[in-house]
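User: I'd like a close look at one part of this model, the sheet and whatever packs on it. Could you walk me through it in plain terms?

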Amino acid sequence: MSVYVGNLSYEVTSEDLSDVFSEYGTIKRIHVPTDRETGRMRGFAFVEMEQESEEAAAIEALDGAEWMDRVIRVNPAKPRTDKPRYNRR
DNA sequence: GTTGAGCGTT
């Protein structure tokens, strides 16, 4: 169970996400991927809750919501695609 | 500014 949070501002941190999502359930884990090469945020994040019902509540409440002057996107996350990454630097 | 890692081809 995990939730994808996209269209985020680059100013948003995992703390902000934790703060907001904890209103709808118990945060199990927060993951904010940063670009491996630039070290900067990629404008999205992942949140895991204890229960899927909690995630659903968060999705309903936050998807399309205006946050940090930006309409964010919240959806059930897709499993990590394990696509080949041959010549990465 | 939209789907996470790492190994360094898994």
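To start with something specific: in strand 3, which residue is the bridge partner of Tyr4?

Analyst: The bridge partner of Tyr4 in strand 3 is Phe46. Keep in mind that this is a predicted model.

Let's build outwards from that pair. Strand 1 covers residues 3-6 and strand 3 covers residues 45-49, and the two pair in the antiparallel sense over 3 bridges. Besides Tyr4 with Phe46, you can find Val5 bridged to Ala45 of strand 3. Strand 3 also has strand 2 as an antiparallel partner, and 4 bridges join those two. One contact to look for there is Arg29, whose bridge partner in strand 3 is Glu48.

Now put those pairs into the whole sheet. It is an open sheet of 4 strands in the order 2-3-1-6, with antiparallel pairing. The edges belong to strand 2 (27-31) and strand 6 (73-76); each has a single partner strand, so one side of each has no neighbour in the sheet. On average, neighbouring strands are turned by 20° against each other, ignoring direction.

Strand 3 is a nice one to look at face by face. Ala45, Val47 and Met49 make up its covered face, while Phe46 and Glu48 sit on the uncovered one. Go back to the bridges with that in mind: Phe46, the partner of Tyr4, and Glu48, the partner of Arg29, both belong to the uncovered face. Ala45, the partner of Val5, belongs to the covered face.

Next, the helix that packs here. Helix 1 (residues 14-21) lies across strand 1, strand 2, strand 3 and strand 6, and runs at about 150° to strand 2. Its buried residues include Leu17, Val20 and Phe21. These three cover an arc of only 90° around the axis, which puts them on the same side of helix 1. Glu15 and Asp19, on the other side of the helix, are exposed. If you ask what covers the buried residues of helix 1, the list includes strand 1, strand 2, strand 3 and strand 6, along with helix 2 and strand 4 (66-67).

Val3 is a good place to see these pieces come together. It lies in strand 1, and its relative accessibility is 0%, so Val3 counts as buried, the cut-off being under 20%. Leaving out residues up to four places away in sequence, Val3 touches Phe21, Ala45, Phe46, Val47, Glu55, Ile59, Val74, Asn75 and Ala77. Among those contacts, Phe21 is one of the buried residues of helix 1, and Ala45 and Val47 come from the covered face of strand 3. Val74 is worth a click too: 71 residues separate Val3 and Val74 along the chain, yet their C-alpha atoms are 6.9 Å apart.

Ile59 brings in the other helix. It lies in helix 2 (residues 52-62), and with a relative accessible area of 16% Ile59 is buried. Again not counting residues up to four places away in sequence, Ile59 touches Val3, Val74, Asn75 and Pro76. So where is Ile59 relative to the strand 2 edge? Taking His31 as a marker, the C-alpha atoms of Ile59 and His31 are separated by 16 Å, with their positions 28 residues apart along the chain.

One loop residue rounds off the close-up. Ser9 lies between strand 1 and helix 1. At 13% relative accessibility, Ser9 is buried as well. Apart from its neighbours within four places in sequence, Ser9 is in contact with Met68 and Arg70.

Finally, stepping back to the whole chain: chain A has 2 helices and 6 strands, in the pattern β-α-β-β-α-β-β-β along the sequence. The radius of gyration is 13 Å, close to the 12 Å that the globule rule gives for 89 residues, so chain A is as compact as a globular protein of that length. The C-alpha trace spans about 40 × 25 × 20 Å along its principal axes. Of the 89 residues, 28% count as buried. Chain A exposes about 6600 Å², with 42% of that supplied by carbon and sulfur atoms. Of the contacts between residues at least 6 apart in sequence, 60% join residues at least 24 apart, and the contact of Val3 with Val74, 71 residues along the chain, is one to keep in mind as you look around.

Technical notes
Residues numbered from 1 in each chain as written. Chains lettered and ligands numbered in written order. Predicted model: local features only at pLDDT ≥ 70, side-chain atom pairs only at ≥ 80, totals over all residues. Heavy atoms only, no water. Pairing = 2+ DSSP bridges. Axes fitted to C-alpha atoms, helices over the stretch in contact; angles between N-to-C directions. Contact = heavy atoms within 4.5 Å. Buried < 20%, exposed > 50% of the residue type's maximum accessible area, 1.4 Å probe, protein only. Rg over C-alpha atoms; globule rule 2.2 N^0.38 Å. Areas by Shrake-Rupley, 256 points an atom, 1.4 Å probe, with all protein chains shown as cover. Arc of directions from axis to C-beta.
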